Amino acid sequence: MSDTTKNSAERKEADRLQSGGLLSVLKRRPEAGSFLVMLVAVIVISFASNGNAFNPLGLKNNFTVISQFGIIATGACLLMIAGDFDLSIGSMIGFAGMSMAMMLKWGLPFGLGAATPFTAFLLTLVMTLAIGWLIGTIVVRSKLSSFIVSLAFLFFLRGVTEVSFRLINQSTQISGLQDFKETSWFAAMFGGQALGWFYDTWFALGGNINRAGNQWVTGFDARFLWWVGLSLVAYIVLSRTQAGNWIFATGDNSESARANGVPVDKVRISLFMFTAFCATLFAACQVFDTNTADAAKGNLKELEAIAIAVVGGTLMTGGFGSVIGIVFGAITFGLVANAVFFIPSIDGSYYRVFVGVVLLTAVFLNESVRKRITGGL
Amino acid sequence: MAEPLIRTQGLTKKFGPFTALNGIDLEVYKGEVLALLGDNGAGKSTLIKILSGVHQPTAGKIFVEGAEMKFASPRDASNAGIGTVYQDLAINPLMSVTRNFFMGRELYRGVAPFGLLDMTKMDEIAHAEMVKIGIDVSDPRQAVGTMSGGQRQTLAIARAIYFGAKVLILDEPTSALGQKQQMGVLKTMMRVRARGDIAIIFITHNEIHSQLVADRYTFLALGEVIGGGAKADLEHDEIRRLMAGGSDIGDLAKELQDIQAE
């Protein structure tokens, strides 16, 4: 008996939390699950494609898709951590692409003359940021669910895109624009190539050779660099700055954040503008790369962005998530979406089967992570 | 005693035709615990909300260290040194102790709001402040969700004090806690009291808790002060009677007996 009383006297409340080893610390990280999923995807696809998915061209093409996913998922992730959804991302991509291509083809609005890639991009960005601000303001002021408000904008923006195309362009697509990335450094920044040194080095080391014996691939798509840069900035902002603390606080419990002086409304509106920025970046890379635009561009991208955010470990209810998780999630989704090109026996439908399965698994996993970090409360 | 740290004079609050508070006079001094007791609907919450700047009084004045104050927002009250720890604690369970401690008042280098957080220093301060008040959190980076209710209460109190609270308003800090954790919170209160420079307004339903820590009492009923005084001057039964809004507990015992007898 004396033993038990002695023990209970020495035990403190703090002792009840096991500090645990490195493994248990890693298991608490939001990106733990997505890292494992990515690992499986990389291994399975490397074997199933006989390594073709990671040859010079495969790597470039994969990272094109991965970067596209990554750019919009980063926006969706930060917004989701703050507790909101933006279903208008896909329509915003279509809208921004239409806006840029139309200005490049038909000139700037209000008779301001011919557009350069820079003015077309800038004017489009002003519009998309304004729409992002509007969505955020409506959500904050009306206290309606962001799900519904941004759903309205999903339809509205897609409709506006199609209507504008038909009225001005008589067709819902634009193709055969001048290849601006050859003449404008600004267009090349989005649609050109980047990180050529990587492939140059590969060639110098004796790889990356095409059938004629010359260097095969000369560089990644520029959007790869944008994605890396965007992820880096988003990572630093989210986990190392005051703004990041505000984003977490807003999503976790906005009332207590407000009571402690966090400008909750500004945080939310800014993040809706950030998703609009990500969508515009996505569209700019696409327009200046392919010199085309289409009213259907970006369709369903908002749902893929949310799926990647969830697979990356972001909680649907907000307050928890990580940009590193999004990187893993985007790599996974990009590889699987592209797998059809490297594995002859499958078609695109397998991708959607995969998304469904992984998404559901991720939600269960996230829920268990949440319980673990909050001690089951 | 000298100037009270906080004093209210004829504080009145009306919500349309409804009079929530009808001329409340209150005084709290440094280093003492004032227990504010009263039944549900007595006006305790309204009074706290006025003191913490959430509501503005219809009439009456608030003095902090002798100077009249008007609080347009919770921020004003907090700047004037009034720290309120609400029942829901204003704490974010998924965030770390440190991030909660500094929420909205982060230490950073660079340009707001994108200044880099000084996590090492914030971790140190959060840990040290929690130790001062009696809880040694093993890791300030642990999520608040892993802490017990009593520890969360302590975190909220430590945060209020660190950010300059001279008057600490605790809204039913012991309700919804287990027995042992309640004692922990009471100990925390006594440690804060022992500092001598902070006044505590302790709102509670629990007569035993109030007797353990309070120096003085104020009883509210139907929006008015119906009694009060130093602990030494009040009889046990008197406290109970006033807590129930003035009705006699003896009557209740008889009524209960009558029901049983039926």
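This text goes through a predicted model, first its nonpolar cores and a residue of chain A, then chain B as a whole and one of its strand residues.

The largest nonpolar core holds 106 residues. Within it, the members that touch the most other members are A:Leu78, A:Leu104, A:Phe190, A:Trp227, A:Phe288 and A:Phe333. Helix α14 of chain A, residues 264-290, gives this core its largest share, 15 residues. Apart from this core there is a second, separate one of 41 residues, which includes B:Phe102, B:Ala158, B:Ile198 and B:Met243.

A:Phe190 shows what the surroundings of one such core member look like. Leaving out residues up to four places away in sequence, A:Phe190 touches A:Phe121, A:Ala222, A:Arg223, A:Trp226, A:Leu281, A:Ala284, A:Cys285 and A:Phe288.

A:Thr124 sits in helix α6 of chain A, which covers residues 117-142. Its relative accessible area is 0%, and A:Thr124 is therefore buried, the cut-off being under 20%. With residues up to four places away in sequence not counted, A:Thr124 touches A:Ala96, A:Ser99, A:Met100, A:Met103 and A:Thr280.

Chain B contains nine helices and 12 strands. Its radius of gyration is 20 Å, and a compact globule of 262 residues would have one near 18 Å, so the two agree. The C-alpha trace of chain B spans about 70 × 40 × 35 Å along its principal axes. Of the 262 residues of this chain, 49% count as buried. Among the contacts in chain B with a separation of 6 or more, 64% are between residues 24 or more positions apart.

The surface and charges of chain B can be described in the same way. Chain B exposes about 12000 Å², and carbon and sulfur atoms supply 52% of that area. There are 28 positive and 31 negative side chains in chain B, and the centres of these two sets lie 8 Å apart.

Within chain B, B:Thr19 belongs to strand β2, residues 18-28. B:Thr19 has a relative accessible area of 32% and is therefore partly exposed, since buried means under 20% and exposed over 50%. Not counting residues up to four places away in sequence, B:Thr19 touches B:Lys13 and B:Lys14. B:Leu234 is 215 residues from B:Thr19 in sequence, and the two are 29 Å apart in space, C-alpha to C-alpha.

Conventions
Residues are numbered from 1 along each chain as its sequence is written. Chains are lettered from A and ligands numbered from 1 in the order in which they are written. This is a predicted model: local features need pLDDT of at least 70, side-chain atom pairs count only at pLDDT 80 or more; totals for chains, interfaces and linings use all residues. Side-chain values use heavy atoms; hydrogens and water are left out. Helices (H or I, at least four residues) and strands (E, at least two) are DSSP runs, numbered from the N terminus. Buried means under 20% relative accessible area, exposed over 50%, partly exposed in between (1.4 Å probe, protein chains only). Contact means heavy atoms within 4.5 Å. A nonpolar core is a set of buried Ala, Val, Leu, Ile, Met, Phe, Trp, Tyr and Cys residues joined through side-chain atoms within 4.5 Å. The radius of gyration is taken over C-alpha atoms; the globule rule is 2.2 Å times the number of residues to the power 0.38. Accessible areas come from the Shrake-Rupley method with a 1.4 Å probe; for residues, only the protein chains shown count as cover. Lys and Arg count as positive and Asp and Glu as negative; His and the chain ends are not counted. The place of a charge is taken as NZ of Lys, CZ of Arg, CG of Asp or CD of Glu.
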